[in-house]
Amino acid sequence: MKIEVAGSDEATFCEVFGLLIEFHREGGLAPLDLDDMSRNAYLTLTEGMTLLARDDNGAIIGTLALHELKFWYSKTHHLRDAWFYVKPKYRGGEVGKDLMQAAKKIADDKNMLLFIDGNNPDRRPKKTKATLACQTAGYVPIGFSLQLR
């Protein structure tokens, strides 16, 4: 497996776009708008912070893309994932961890905080006091957020 920074060329865009459609099929929370999706995916690729995990045959098996944003209460910028997806067959191994480590290097190089959301539709929420309280209020946990230290 190899982790690389994606280019914004047409071939890479088509590969990433196909993977993002799989991502939406698996866990999209809103209807898919192909025009918006393609525009946003291309703009994200041009930011130069989209990471790809490729298997030994060169096929993309995972991706993590970052955006630079300002905190709503500050002029300070931080990095947050635009998307983070690993094909189901490759979950539970090293792919997600390796993508997060590559994202950490980008954040370290930019000297910025990094936040990554993890959403796994197959993961059951832990039965903690906090998640149970959220559920009784009508919310369903769908993932978690991670902050790089």
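This report walks through a predicted protein model, from its overall layout to its cores and one buried residue.

## The overall layout

Let's start with the big picture. The protein has 149 residues, and its fold is built from 4 helices and 6 strands. Reading from the N terminus, you meet the elements in the order β-α-α-β-β-β-α-β-α-β.

Take the contacts with a separation of 6 or more: 61% of them join residues 24 or more positions apart.

## Inside and outside

How much of the protein is buried? Buried residues make up 32% of it. As for the outside, the accessible surface comes to about 9700 Å², and carbon and sulfur atoms account for 54% of that.

## Two nonpolar cores

The largest nonpolar core has 18 residues, and L51, L64, L66, L79, L99, A103 and L114 have the most contacts inside it. Strands β2 (50–54), β3 (60–70), β4 (77–86) and β5 (114–118) each give two or more residues to this core, as does helix α3 (95–110). Which element gives the largest share? That's α3, with 6 residues.

There's also a second, separate core of 14 residues, and V16, L19, M37 and L45 are among them.

Back in the largest core, have a look at L79. Setting aside residues up to four places away in sequence, L79 touches a long list of partners, including L66, I106, L114 and F115.

## A closer look at T12

T12 sits in helix α1, which covers residues 10–27. Is this threonine buried or exposed? T12 counts as buried because its relative accessible area is 9%, and the cut-off for buried is under 20%. Beyond its neighbours within four places in sequence, T12 is in contact with A6, G7 and L52.

How values were computed
Residues numbered from 1 in each chain as written. Predicted model: local features only at pLDDT ≥ 70, side-chain atom pairs only at ≥ 80, totals over all residues. Heavy atoms only, no water. Buried < 20%, exposed > 50% of the residue type's maximum accessible area, 1.4 Å probe, protein only. Contact = heavy atoms within 4.5 Å. Core = buried A, V, L, I, M, F, W, Y, C linked by side-chain atoms within 4.5 Å. Areas by Shrake-Rupley, 256 points an atom, 1.4 Å probe, with all protein chains shown as cover.
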